Amino acid sequence: MAKVTLLTHTPEPEKIIAAAAKLCYSAAEINHLLDNLTEEKTEKFLQRLVDLGHESPIEHVTFTFGIEGVSRALLAQITRHRIASFSVQSQRYVKENHFEYVTPPEIAALPQAAQLYQQAMAQAEESYLALAAMLQEKHQKELLAAGMEEKAACSAAEKKAIEDARFVLPNACDTKMIVTMNARSLKNFFRLRCCSRAQWEIRDVAAQMLFLVKEAAPTLFKGAGPACVSGPCPEGKMSCGKMAEMREKYK
């Protein structure tokens, strides 16, 4: 299952945001923005931003996460959040020998489905390795014929081979990534992905991320979570109907 680690974040994130807010609403000089910013004053600045709906100052702080044990299907979802930075383990340069894969809980809970799923993964791995071997042999012959030394030809041929062989790998294939988001983007991410109607895997990742940032910046992320935590459910007729339960979970 997914494992999320908070690798680093802007030092004293709440003070930095308070300093940015202070600049917007006072004649303070840059060199003195952090002067006398106690915890109490910092919290008041952050609450003022919430009351005014002024979110741009919170973009000044970022959080960087390590995410592993997730599927390529999750990768396709999380990279739709465009105001973020992603570094992902490449299937073009990293050969997937005996790849790990993610099994959806609903499949794991049904023995017949789990068996069929495992067979599909095994078949995908077999096809991938067979294609990689065939393509590597072809490319290596061509490179040797072009005058490349054997060791270099072998390495280059493998890279070219797995570039095309990866097309048979499933969405379930395990991957890992480093993700950086600013606090404003994170709040939006939590509104969308902590929702009970979000896909189970990204919902789990989002919940882990939220837990970690709440420890690092509790005032900043107070009230963060699915949209229904801080207001009405935006899903209308498609609402899960569990608003009270969700508010209790994320309070």
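## Briefing: a spread-out chain of helices and strands

A206 is buried, at a relative accessible area of 0%. This residue sits in a predicted model. The protein chain has 9 helices and 4 strands. Its radius of gyration is 24 Å, well over the 18 Å that the globule rule gives for 251 residues, so the chain is more spread out than a compact globule.

**Overall layout**

- In sequence order, the elements of the protein chain run β-α-α-β-α-β-α-α-α-β-α-α-α.
- Along the principal axes, the C-alpha atoms of the protein chain fill a box of roughly 70 × 50 × 25 Å.
- Of the contacts in the protein chain with a separation of 6 or more, 75% are between residues 24 or more positions apart.

**Surface and charge**

- Of the 251 residues in the protein chain, 38% are buried.
- The exposed area of the protein chain is about 14,700 Å². Carbon and sulfur atoms supply 53% of that area.
- Positive side chains number 31 and negative ones 30. The centres of these two sets lie 6 Å apart.

**Helix α1**

- Does the span of α1 agree or disagree with its residue count? At 1.5 Å a residue, its 13 residues should span 18 Å. The end C-alpha atoms of α1 are 19 Å apart, which agrees.
- Helix α1 covers residues 13–25. Its buried residues are P13, E14, I17, A18, A19, A20, A21 and K22.
- An α-helix has 3.6 residues a turn, so residues three or four places apart point the same way.
- The buried residues of α1 pack against two strands, β1 and β2 (62–71). They also pack against the helices α2 (39–52) and α8.
- I16 belongs to α1 too. At 29% relative accessible area, I16 is partly exposed, because this value falls between the 20% and 50% cut-offs.
- Which residues does I16 contact, leaving aside its neighbours within four places in sequence? They are T10, P11, H60 and V61.
- P57 is 41 residues from I16 along the chain. Their C-alpha atoms are separated by 8.7 Å.

**Strand β1**

- β1 spans residues 3–9, and T8 is part of this strand.
- T8 counts as partly exposed, at 44% relative accessibility.
- Not counting residues up to four places away in sequence, T8 touches F63 and T64.
- T8 and M243 are 235 residues apart along the chain. Their C-alpha atoms are separated by 32 Å.

**Helix α8**

- Where is A206 found? It is in α8, which runs over residues 200–216.
- Why does A206 count as buried? Its relative accessible area is 0%, and buried means under 20%, so A206 qualifies.
- A206 touches F189, F190, R193 and C194, not counting residues up to four places away in sequence.
- R191 lies 15 residues from A206 along the chain. The C-alpha atoms of this pair are separated by 9.5 Å.

**Positive phi angles**

- Most residues other than glycine have a negative phi.
- E12 has a positive phi of about 45°, although it is not a glycine. E12 lies in the loop between β1 and α1.
- Is E12 buried or exposed? E12 is exposed, with a relative accessible area of 53%.
- H98 has a positive phi near 50°, and H98 is not a glycine either. Its place is the loop between β3 (85–88) and α4 (105–108).
- H98 counts as exposed because its relative accessibility of 59% is over the 50% cut-off.

**After the last helix listed here**

- K251 is placed in the segment after α9, which covers residues 243–250.
- K251 is exposed, with a relative accessible area of 71%.
- How far apart in space are K251 and N182? They are 22 Å apart, C-alpha to C-alpha, and 69 residues apart in sequence.

Technical notes:
Residues numbered from 1 in each chain as written. Predicted model: local features only at pLDDT ≥ 70, side-chain atom pairs only at ≥ 80, totals over all residues. Heavy atoms only, no water. Rg over C-alpha atoms; globule rule 2.2 N^0.38 Å. Buried < 20%, exposed > 50% of the residue type's maximum accessible area, 1.4 Å probe, protein only. Contact = heavy atoms within 4.5 Å. Areas by Shrake-Rupley, 256 points an atom, 1.4 Å probe, with all protein chains shown as cover. Lys, Arg positive; Asp, Glu negative; His and termini not counted. Charge placed at Lys NZ, Arg CZ, Asp CG, Glu CD. Expected span 1.5 Å × (residues − 1).
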